[in-house]
Amino acid sequence: MAGTDDSREAERRILAQVRSIPAGQVAGYGEVARRAGLPGRARWVARLLSANTHADLPWHRVLRSDGRVAFPEGSAGYREQCRRLRAEGVRVEQGRVRGQRAAPSVDEQVWGPA
DNA sequence: CTGATGACTGTGA
DNA sequence: TTCACAGCCATCA
């Protein structure tokens with residue numbers, strides 16, 4: 001069961017990062033992993049979200065690096081995610097998020113997040 | 001150990 | 001923008 005202390009700590013930090021995403025904003029899987037100090041663990045983040053669909057976890061604010069929903073169009077998860085995002089004022093079209101960016105801009109990488 | 005799987009990512013055509 | 005492909009990583013059979 002991957003119940004090592006290290007992995008539990010890593011999971012905790014990832015989930016903490018997801019919860020730290022403000023309403024109306026979005027973040028990428030890889031970005032969340034990077035901010036949690038776990039670069040390259042984007043898929044791990046995705047797996048965690050699928051195993052932790054809690055009400056207090058804003059999993060819907062996590063998108064792919066393209067800024068698109070990570071679910072196949074038409075699936076239950078896809079519709080639920082779009083619905084929740086729009087409820088927070090996020091503009092979603094064709095499974096894509098407009099007005100917000102999933103990946104940090106070059107400026108953010110150089111100068112750091114605002 | 002090997003191979004398959006997945007809410008991923010970057011690169012190239 | 002789209003699609004295909006390879007790379008990546010934890011988990012499971």
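What span should the 12 residues of helix H4 (residues 76-87) have, and how far apart are its end C-alpha atoms? In this predicted model, a rise of 1.5 Å a residue gives an expected span of 16 Å for helix H4, and the end C-alpha atoms are 17 Å apart, so the two values agree.

The buried residues of H4 are Gly 77, Tyr 78, Gln 81, Cys 82 and Leu 85. Because they cover an arc of only 130° around the axis, these residues are on the same side of H4. The other side of the helix carries the exposed residues Ala 76, Arg 79 and Ala 87. Among the elements that cover the buried residues of H4 are strand E2 (62-63), strand E3 (91-93) and strand E4 (96-98). Just after H4, Gly 89 adopts a positive phi of about 90°.

Attention now turns to the DNA. Around DNA strand B there are 13 residues, of which Tyr 29, Arg 43, Trp 59, Arg 64 and Ser 65 come nearest. By type, the residues of this surface comprise seven nonpolar, four polar and two charged. Helix H2 (29-35) and helix H3 (42-51) each supply at least two of them, and H3 provides the largest share, with five residues.

On the DNA side, 42% of the atoms of strand B within 4 Å of the protein belong to sugar or phosphate, and the rest to bases. Individual polar pairs involve several parts of the strand. A polar side-chain atom of Arg 43 lies 2.9 Å from a base nitrogen of DNA strand B. A backbone N or O atom of Gly 30 is 3.3 Å from a phosphate oxygen of DNA strand B, while a polar backbone atom of Ala 70 is 3.3 Å from a sugar or linking oxygen of DNA strand B.

Terms used: Residues are numbered from 1 along each chain as its sequence is written. Chains are lettered from A and ligands numbered from 1 in the order in which they are written. This is a predicted model: local features need pLDDT of at least 70, side-chain atom pairs count only at pLDDT 80 or more; totals for chains, interfaces and linings use all residues. Side-chain values use heavy atoms; hydrogens and water are left out. A residue is near a molecule or strand if one of its heavy atoms lies within 4 Å of it. A polar contact is a pair of N or O atoms within 3.5 Å; within protein, one must be able to donate a hydrogen and the other to accept it, and residues adjacent in sequence count only if both atoms are side-chain atoms. Helices (H or I, at least four residues) and strands (E, at least two) are DSSP runs, numbered from the N terminus. Ala, Val, Leu, Ile, Met, Phe, Trp, Tyr, Cys and Pro count as nonpolar, Asp, Glu, Lys and Arg as charged, and the others, Gly among them, as polar. The expected span of a helix is 1.5 Å times one less than its number of residues. Buried means under 20% relative accessible area, exposed over 50%, partly exposed in between (1.4 Å probe, protein chains only). The arc is that of the directions from the helix axis to the C-beta atoms. Contact means heavy atoms within 4.5 Å.
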